[in-house]
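Subject: Handover of a structure and the findings

Dear colleague,

Please find below the structure that I am handing over to you. My notes on what was found in it follow directly after.

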Amino acid sequence: MMRIVLLGAPGSGKGTQAQRLQAKFAVPQVSSGDLLRNAVARRTELGLKAAAAMEAGQLVSDEIVLGLIRERLRQPDAKDGFILDGFPRNSDQATALSKLLEEIGQPLQTVLLMDVKTNSLIHRIAGRRVCRSCGKVFNISHLPEGGKCDNCGGELYQRPDDKEEVIAKRLEVYQSQTKPLIEHYKQLGLLKVIKGEGALDDVTKRMETALAPAPAEAPTKKVAKPAAVKEAPAAAPAKPAAPAKKKASKKKAATKKAAKKQAAAKTKAVPVKVTKKKASKKKAATKAVKKAAQKVAKKSAKKAPAKKKVAAKKGVKKSAKKAAKKKAAKKK
Ligand code: AMP
């Protein structure tokens with residue numbers, strides 16, 4: 001039984017990690033982005049309504065997304081829990097979600113925030129490739145042999161909203177609409193922060209540790225060792241009974257202090273800095289994001305010929321045919 005929300009900026013690894021966790025915990029990944037993309041691909045009425053907002057990097061209307069999520073959470077495979085990925089994305093959605101979960105008697109247990117630096121986010125989004133058939137996520141830095149999905153053999157593609165011109169907008173939307181949810185879930189005592197950088201396996205481990213049930217608190221009585229309160233032996237007359245009592249009370253105080261520290265550390269387990277940026281700072285940040293996104297996009301473009309090389313080595317006839325055509329055209 002696991003009912004969690006994965007919170008984080010686009011490119012923070014929510015989707016990738018949700019795919020891993022669903023296999024381990026046997027609860028489905030419920031991705032609002034996937035549900036929407038599916039509706040767009042099937043050209044349903046909802047999909048057609050959602051497509052424009054998605055392509056522009058904007059949020060799709062709450063009504064549409066909530067409808068899809070409601071329907072998905074009522075499926076039998078979600079009765080024992082779910083991993084919500086990409087939902088909620090603003091405060092109205094968060095309110096609607098808690099109402100919905102109350103209705104179906106499945107309150108949230110934990111909200112995991114994937115903490116990733118902006119530069120890494122841009123790098124990941126611009127280099128992301130997704131399998132058209134099974135949705136497995138890859139990055140151009142680690143593409144499978146032959147450039148096909150290593151899970152189902154499907155074709156890999158770049159999501160239209162992963163293109164450089166949309167990335168900055170999506171990050172901006174995250175800052176203004178989704179980031180405030182960090183404070184919301186912190187207030188509710190549900191938030192845990194995970195460092196989302198580093199090897200995939202390491203991030204998964206961190207998430208599993210965060211999701212593991214907290215160990216029972218150590219009994220404080222045991223910490224105050226009874227031996228210390230024991231009467232001083234006759235051979236040590238320098239330590240009369242009174243100071244021994246003092247010692248005991250000192251230990252008690254120390255134990256209390258330690259317990260307080262522990263409690264404080266627990267609160268610190270959710271260290272979220274919600275810094276309110278001034279408008280000018282925001283503008284500068286958006287500019288920086290755009291610049292960085294362009295850089296990454298250029299790099300990805302440079303990497304593309306490398307892929308062609310692999311294809312050529314594998315004896316893909318297409319490129320040879322093209323070359324022959326070109327030659328013929330030149331001769332003409
Ligand atoms: P994602 O796959 O989570 O990055 O989502 C891709 C796009 O789908 C977003 O940029 C939004 O346009 C849309 N989308 C996904 N989830 C939501 C949501 N909870 N609310 C509104 N729009 C969403």
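Alanine 26 counts as exposed, because its relative accessibility is 65% and the threshold for that class is anything over 50%. In this predicted model, the residue is found in the loop between helix H1 (14–25) and strand E2 (29–31). Although alanine 26 is not a glycine, its phi is positive, at about 55°.

Arginine 43 also has a positive phi, near 55°, and is likewise a residue other than glycine. Its place is in the loop between helix H2 (32–41) and helix H3 (45–55). With a relative accessible area of 60%, arginine 43 is exposed.

One further point concerns the backbone. The peptide bond that leads from phenylalanine 87 to proline 88 is cis, with omega near 5°. Proline 88 lies in the loop between strand E3 (81–85) and H5.

For general orientation, the secondary structure of the protein amounts to 13 helices and 8 strands. The protein has 332 residues, of which 36% count as buried. Its exposed area is about 21600 Å², and carbon and sulfur atoms supply 57% of that area. If one takes the contacts between residues at least 6 apart in sequence, 73% of them join residues at least 24 apart.

I turn next to the packing of helices around H8. Two packed helices are described by the angle between their axes and the distance between the axes. Helix H5 (residues 91–103) packs against helix H8 (residues 180–187) at an angle of about 35°, and their axes are 10 Å apart. On the H5 side, Ser91, Ala94 and Leu97 take part, and they meet Leu181, His184 and Tyr185 of H8. Sorted by class, this contact of H5 with H8 has 4 nonpolar residues, 2 polar residues and no charged ones.

H7 packs against H8 as well, at an angle of about 35°, with the two axes 5 Å apart. H7 contributes Tyr174, Gln175, Ser176, Gln177 and Thr178 to this contact, while H8 contributes Pro180, Leu181 and Ile182. By class, the contact of H7 with H8 has 4 nonpolar, 4 polar and no charged residues.

Which residues does serine 91 contact, once its neighbours within four places in sequence are left aside? They are Gln177 and Leu181. Serine 91 is placed in helix H5, and it counts as partly exposed because its relative accessibility is 47%, between the limits of 20% and 50%. The C-alpha atoms of serine 91 and threonine 178 are separated by 7.5 Å, while the two residues are 87 residues apart along the chain.

Two buried residues deserve a description. Arginine 170 has its place in helix H7 (residues 164–178). Why does arginine 170 count as buried? Its relative accessibility is 8%, and buried means under 20%. Not counting residues up to four places away in sequence, arginine 170 touches Pro10, Gly57, Ile125, Arg128, Arg159, Asp161 and Asp162.

Glutamine 106 is found in the loop between H5 and strand E4 (110–115). Glutamine 106 counts as buried because its relative accessibility is 8%. When its neighbours within four places in sequence are left aside, glutamine 106 is in contact with Met1, Arg3, Ala78, Lys79, Asp80, Gly81, Phe82 and Leu101.

The last region to report involves glutamine 158 and arginine 132. Glutamine 158 lies in the loop between strand E7 (156–157) and H7. It is partly exposed, with a relative accessible area of 23%. Apart from residues up to four places away in sequence, glutamine 158 touches Ala126, Arg128, Arg129 and Lys163. Glutamine 158 and arginine 132 are 26 residues apart in sequence, and their C-alpha atoms are 9.4 Å apart in space.

Where does the charged end of arginine 132 sit? It is placed over the ring of tyrosine 157, 4.2 Å from the centre of that ring. As for pairs of aromatic rings, the structure holds 0 of them.

Yours sincerely

How values were computed
Residues are numbered from 1 along each chain as its sequence is written. This is a predicted model: local features need pLDDT of at least 70, side-chain atom pairs count only at pLDDT 80 or more; totals for chains, interfaces and linings use all residues. Side-chain values use heavy atoms; hydrogens and water are left out. Axes are lines fitted to C-alpha atoms, for helices over the stretch in contact, and angles run from 0 to 180 degrees between N-to-C directions. Helices (H or I, at least four residues) and strands (E, at least two) are DSSP runs, numbered from the N terminus. Contact means heavy atoms within 4.5 Å. Ala, Val, Leu, Ile, Met, Phe, Trp, Tyr, Cys and Pro count as nonpolar, Asp, Glu, Lys and Arg as charged, and the others, Gly among them, as polar. Buried means under 20% relative accessible area, exposed over 50%, partly exposed in between (1.4 Å probe, protein chains only). Rings of Phe, Tyr and Trp (its six-membered ring) pair if their centres lie within 6.5 Å; planes under 30 degrees apart count as stacked, over 60 as edge-to-face and the rest as tilted. A charge sits over a ring if NZ of Lys or CZ of Arg is within 6 Å of the ring centre and within 35 degrees of the ring normal. Accessible areas come from the Shrake-Rupley method with a 1.4 Å probe; for residues, only the protein chains shown count as cover.
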